[in-house]
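I opened this chain to work out how its strands are arranged and what lies between them and the helices. The entries below follow the order in which I looked things up.

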Amino acid sequence: MKPIERHCDIQFLVCVNERPGSNPLPSCGAERGNAFFNFFRSAALSWGARHGLEVWVNRSLCQGFCDKEGVSVAAFPQQKRWNAVTQADVPEILRIIEENL
Ligand code: FES
């Protein structure tokens with residue numbers, strides 16, 4: 001094991017989990033795919049750069065809050081979570097994180 005000494009100010013986890021077609025549960029990746037991830041990542045990195053923050057945006061598997069209306073997103077260290085997120089929600093998520101810096 002090697003410790004990693006690199007840190008970020010905010011890490012977002014964006015669910016891209018895809019379940020097999022036979023599974024009746026919704027899955028973020030199947031509903032929105034990587035298109036949402038790429039949109040969110042671009043918006044969050046631009047926002048972070050404007051605020052002088054090191055922002056990481058990473059794909060995750062299921063976060064346990066699946067919703068067919070959108071994607072699950074988590075932010076750390078703020079410990080904020082959202083589900084059913086769409087592209088229209090991204091500015092509000094970034095506004096909430098800004099309030100909690
Ligand atoms: S599949 Fe995304 S939270 Fe479950």
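Entry 1, a central pair. I began with strand β1 (residues 10-15) and strand β3 (residues 71-76), which run antiparallel and are joined by 4 bridges. The model is a predicted one, and I read every value here as computed from it. Within this pair I found L13 opposite A74 in β3, and I noted V73 in β3 as the bridge partner of V14.

Entry 2, the whole sheet. Which order do the 4 strands take in the sheet? I read an open sheet in the order β2-β1-β3-β4, with mixed pairing. Because β2 (55-60) and β4 (80-85) each have a single partner strand, they stand at the edges, and one side of each is left without a neighbour in the sheet. From one strand to the next I recorded a twist that averages 20°. Helix α2 (residues 90-99) packs on this sheet, where it touches β1, β3 and β4, and its direction makes about 170° with that of β4.

Entry 3, the hairpin. Next I followed β3 into β4, and found that these strands run antiparallel with 4 bridges between them. A74, which I had already met opposite L13, has R81 as its bridge partner in β4. The hairpin of β3 and β4 has 3 residues between the strands, and there I noted that Q79 takes a positive phi near 60°.

Entry 4, one residue in β3. Is S72, which lies in strand β3, buried or exposed? I count S72 as buried, because 23 other C-beta atoms lie within 10 Å and the cut-off for burial is 20 or more. Leaving out residues up to four places away in sequence, I listed C15, C28, Q63, F65, C66 and N83 as the residues that S72 touches. I also took the C-alpha to C-alpha distance from S72 to W82, which is 5.6 Å for two residues 10 apart in sequence.

Entry 5, the nonpolar core. In soluble globular proteins, nonpolar side chains tend to be buried together. I therefore turned to the largest nonpolar core, which has 18 residues, and noted that F12, V14, F40, A44, V57, V71 and V73 touch the most other members. β1, α1 (28-50), β2, β3 and α2 are the elements that give two or more residues to this core, and α1 supplies the largest share, 5 residues. I then looked at V57 by itself: with residues up to four places away in sequence not counted, V57 touches F12, V14, F40, R41, A44 and L45.

Entry 6, the chain as a whole. I closed with the overall layout, which is 2 helices and 4 strands in the pattern β-α-β-β-β-α along the sequence. The radius of gyration is 14 Å, close to the 13 Å that the globule rule gives for 101 residues, so I describe the chain as being as compact as a globular protein of that length. Taken along the principal axes, the C-alpha atoms fill a box of roughly 45 × 40 × 20 Å. I noted that 23% of the 101 residues count as buried. Finally, among contacts between residues at least 6 apart in sequence, I recorded that 52% join residues at least 24 apart.

Technical notes
Residues numbered from 1 in each chain as written. Predicted model: local features only at pLDDT ≥ 70, side-chain atom pairs only at ≥ 80, totals over all residues. Pairing = 2+ DSSP bridges. Axes fitted to C-alpha atoms, helices over the stretch in contact; angles between N-to-C directions. Contact = placed C-beta atoms within 7 Å. Core = buried A, V, L, I, M, F, W, Y, C linked by C-beta atoms within 7 Å. Buried ≥ 20, exposed ≤ 12 C-beta atoms within 10 Å, placed from the backbone. Rg over C-alpha atoms; globule rule 2.2 N^0.38 Å.
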